[in-house]
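Here is a friendly walk through a single chain, from its overall build to a few individual residues. Please keep the model open beside the text as you read.

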Amino acid sequence: MNNIIKEFPGVKALGGVSFKVKKGEIHALVGENGAGKSTLMKVLSGVYPYGTYTGSITVEGKVQNIQNTSDAEKAGISIIFQELSLSSNLSIAENIFMGDEPTKGMLIDWDSMYSRANELLELVGVRLDSNVLVKNLGIGHQQMVEIAKALRTDSKILVLDEPTSALSNSEINMLMNLLEKLRDQGVTCIYISHKFDEIFRIADRVTILRDGQTIDTLSIDSLNESMLINLMVGRDLNQRYPERKRGTGKGNPILELKNYSLFDYKEGKERLHKINFSLHQGEILGIAGLMGAGRTELVSSLFGAFNGKSEGQIMIDGKEIKINCPQDAMKQGISFITEDRKNLGIFPVLSIKENMVIANLDNIPGKVMVQESEEKLLCNLFVDSLQIKIGSTENKITSLSGGNQQKVILGRWLMRKPKILILDEPTRGIDVGAKYEIYSIINRLVEHGVAVIMVSSELPEILGMCDRILVMKDGTITGEVLQEEATQEKIMSFAVGGSV
């Protein structure tokens, strides 16, 4: 890709980016949110067609004028986005061959399709029946189906955008082994990730983007983590977590759960069993545990956003309350940022301004209709205070990077001046610079008395940010650790075995 320039209204996303990859290598593409990584890959894969950008794309010496994703596939390019694009109510085989089903005469050749799908699943190293519906698969196996779908087209170049953001450690290992296998077979992989351990484990070379410009392309062997951060953010970032005075967790609790259990209507089973904990004003309470431990079920049910029946007591300021829906939680001063930004966090058809004020319309002046001038004023206030990088608040929220979308969602809930802020994976898919900014915002809130619950799968984040840490396993709390006593080993021993 040579001298790629791509502009959106008021924003130059790519300012002349050049990017070269070799056949049969795993090439990492890194940069802060908004650096242009995803935009560059959308140009490469035909999401942004030829003519909407300037510059040229050459594959194996041949110039490509890619108009759509089908043209990209014909050129041997496949992309797997961070948010998977499978149809949940169709089978694995139907997803793999969607739009290109094998036929026998005028009819689909189902036997051939399922047989070839099983061969592709075997190729990516998973033992699944291709008749199984995608909705019955975990995220890790869905990721493998996406890769099998890409290999169906004999891809020469496979682009993976944040492929491990929702995977467990075992699923990450499965993916890494597959990518190494594909590299040995001559497939080129472009790997976008904010996780440095994965980059240093899997990549041969790395290209760094910053502010829509190519900074450098280097062998991974010539870099260390500090050097890579410096190239990404343009400055030294010696501290990954901003300092603050730690909360004590003492005094009267603002929130208490007593023998709290949760029954899942959809699955027909208990998700949480007799949970007991307290949360105090001005502290960050971390919740750790492996995938499936019940962390998300716990925090979403506290916001009234889980379809199940709860038992036990929820106490706020010493008074028992009932939370049956998000409106109940909001009235109690609870705000919640979901882990699923794409499906549950943003409203993709709405503007940045509309996304930010949507939970606050009852607080914006206007006798019959909300005053647009007041909306804009309030929105701009939070855009400035949260340092959100935008062209205009009237632009669609989908025009923003993941980190800036997360700041918009954060602004939405901060407008409500919460007493309790629940954060479920608040920095998933966000670069190291944007993470530091979000951590700083969280710390400022805590210093002003807000109580924070933080769920995170990243143990360094839990250790770096939280005053106390609860560890969950199989829907129960197996341990509580103070920050000064916490280690990754101690947390993992509670998460795996339930005891130290």
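The report below starts with the whole chain and then turns to its cores and to some single residues.

This is a predicted model, in which local features need pLDDT of at least 70 and side-chain atom pairs count only at pLDDT 80 or more, while totals for chains, interfaces and linings use all residues. Residues are numbered from 1 along each chain as its sequence is written, and side-chain values use heavy atoms, with hydrogens and water left out.

**The whole chain**

The chain holds 17 helices and 23 strands; these are DSSP runs numbered from the N terminus, with at least four residues for a helix (H or I) and at least two for a strand (E). Its C-alpha trace spans about 70 × 55 × 50 Å along the principal axes. The radius of gyration is 24 Å, which agrees with the value near 23 Å for a compact globule of 500 residues; it is taken over C-alpha atoms, and the globule rule is 2.2 Å times the number of residues to the power 0.38.

Of the 500 residues, 52% count as buried (buried is under 20% relative accessible area, exposed over 50%, partly exposed in between, with a 1.4 Å probe and protein chains only). Contacts (heavy atoms within 4.5 Å) with a separation of 6 or more come to 67% from residues 24 or more positions apart.

**The cores**

In general, nonpolar side chains tend to be buried together in soluble globular proteins. A nonpolar core here is a set of buried Ala, Val, Leu, Ile, Met, Phe, Trp, Tyr and Cys residues joined through side-chain atoms within 4.5 Å. The largest one has 77 residues, and Leu255, Phe277 and Ile453 are among those that touch the most other members. Helix H15 (residues 432-447) gives this core its largest share, 7 residues. Apart from it lies another core of 35 residues, including Ile26, Val145, Met176 and Ile202.

Leaving aside residues up to four places away in sequence, Leu255 touches nine-strong company that includes Phe277, Leu302, Met315 and Ile420.

**Single residues**

Ser351 sits in the loop between helix H11 (341-345) and helix H12 (352-357). With a relative accessible area of 6%, Ser351 is buried, and its contacts beyond four places in sequence include Thr393 and Ile397.

Most residues other than glycine have a negative phi. Two non-glycine residues with a positive phi are listed here:

| Residue | Phi | Strand |
|---|---|---|
| Asn3 | about 55° | E1 (residues 2-8) |
| Lys274 | about 45° | E15 (residues 269-279) |

Asn3 counts as partly exposed, at 41% relative accessibility.
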